Amino acid sequence: MVAAMQTHSAPVHKITIIPRTSGALGYTMQVDNNEQVLLSKEDLFNRIVTYTGGRAAEELICNTVTTGASNDIEQATKLARAMVTRYGMSETYDMMGLETVKNAYLGGDTSLTCSTDTATDIDHEVLRLIKEAHQKARKIITENLEAMHQAATFLIEKETITGDEFMRILQQTEKQ
């Protein structure tokens, strides 16, 4: 839902509730229509919003949180940190490089190139980005609860839904 309702977000290609890998109890696959080499600050922020969508849905619909969002939390944190430390997408630090990547082709270990005080400030800025994204995800879900429930009903029955089927559900719900 969160991915589909944002601009600057790759279209939803498939959603499934069938576990395919260890740890994943289902997934939403997005496939970009064209190759993107450069990503804007808005593109990256919206990815973080999408990563926080599963946890936001747990909170709003199930009134609980589980370990199911652990990989999404890791990815959101990694991306928000890169926005602040490597991509110059921080209002506070502007274009200051605060992290270097070593052995980019062998896993890409990173290390901060700043003081411990600045590292603490970076953590605060990363947290601010993630919280802002989480609030946006919660708002999107709250505004589209009926469509969420209809998509969930379809998924429980069919287990997998294509992006086109999902978009039809959204369009039908908007007409009601």
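Which residues have the most contacts inside the largest nonpolar core? The legends below take up this question after a view of the whole chain.

**Figure 1. Overview of the predicted model and its order of helices and strands.** This model is predicted, and the chain has five helices and five strands, which follow one another along the sequence in the pattern β-β-α-α-β-β-α-α-β-α. Taken along the principal axes, the C-alpha atoms fill a box of roughly 55 × 30 × 30 Å, and the accessible surface of the chain comes to about 11200 Å², with 52% of that area belonging to carbon and sulfur atoms. Of the 176 residues, 32% are buried. Among the contacts in the chain with a separation of 6 or more, 58% are accounted for by residues 24 or more positions apart.

**Figure 2. Confidence along the chain.** The average pLDDT of the chain is 86, and 91% of the residues score at least 70. Confidence is highest in helix α3 (residues 116-143), with a mean of 96, and lowest in strand β2 (residues 27-30), where the mean is 72. Where pLDDT is low, the predicted coordinates should not be read in detail.

**Figure 3. The largest nonpolar core and the residues with the most contacts inside it.** This core has 35 residues, and M1, I48, V49 and F166 are those with the most contacts inside it. The elements that give two or more residues to the core are β1 (12-16), α1 (41-62), α2 (70-85), α3, α4 and α5 (163-175), and the largest share, eight residues, comes from α3. In soluble globular proteins, nonpolar side chains tend to be buried together.

**Figure 4. Surroundings of I48.** Once the neighbours within four places in sequence are left aside, I48 is in contact with A76, L79, A80, M83, I130 and A133. I48 is also one of the residues with the most contacts inside the largest nonpolar core.

**Figure 5. The two sides of helix α4.** Helix α4 covers residues 145-158, and at 1.5 Å a residue its 14 residues should span 20 Å, which agrees with the 20 Å between its end C-alpha atoms. Within α4, the residues A147, M148, A151 and L155 are buried. These four cover an arc of only 100 degrees around the axis, and therefore lie on the same side of α4. An α-helix has 3.6 residues a turn, so residues three or four places apart point the same way. On the other side of α4, T153, I156 and E157 are exposed. A152 is also found in helix α4, and its relative accessible area of 33% makes this residue partly exposed. The C-alpha atom of A152 is separated by 32 Å from that of R81, with the two residues 71 apart along the chain.

**Figure 6. Two loop residues with positive phi, N63 and E159.** Most residues other than glycine have a negative phi. N63, in the loop between α1 and α2, has a positive phi near 55 degrees, and with a relative accessible area of 67% this residue is exposed. E159 follows α4 and is found in the loop between α4 and β5 (160-162). The phi of E159 is likewise positive, near 75 degrees, while its relative accessible area of 40% makes E159 partly exposed.

Technical notes:
Residues are numbered from 1 along each chain as its sequence is written. This is a predicted model: local features need pLDDT of at least 70, side-chain atom pairs count only at pLDDT 80 or more; totals for chains, interfaces and linings use all residues. Side-chain values use heavy atoms; hydrogens and water are left out. pLDDT is the predictor's confidence in each residue, from 0 to 100. The expected span of a helix is 1.5 Å times one less than its number of residues. Buried means under 20% relative accessible area, exposed over 50%, partly exposed in between (1.4 Å probe, protein chains only). The arc is that of the directions from the helix axis to the C-beta atoms. A nonpolar core is a set of buried Ala, Val, Leu, Ile, Met, Phe, Trp, Tyr and Cys residues joined through side-chain atoms within 4.5 Å. Contact means heavy atoms within 4.5 Å. Accessible areas come from the Shrake-Rupley method with a 1.4 Å probe; for residues, only the protein chains shown count as cover.
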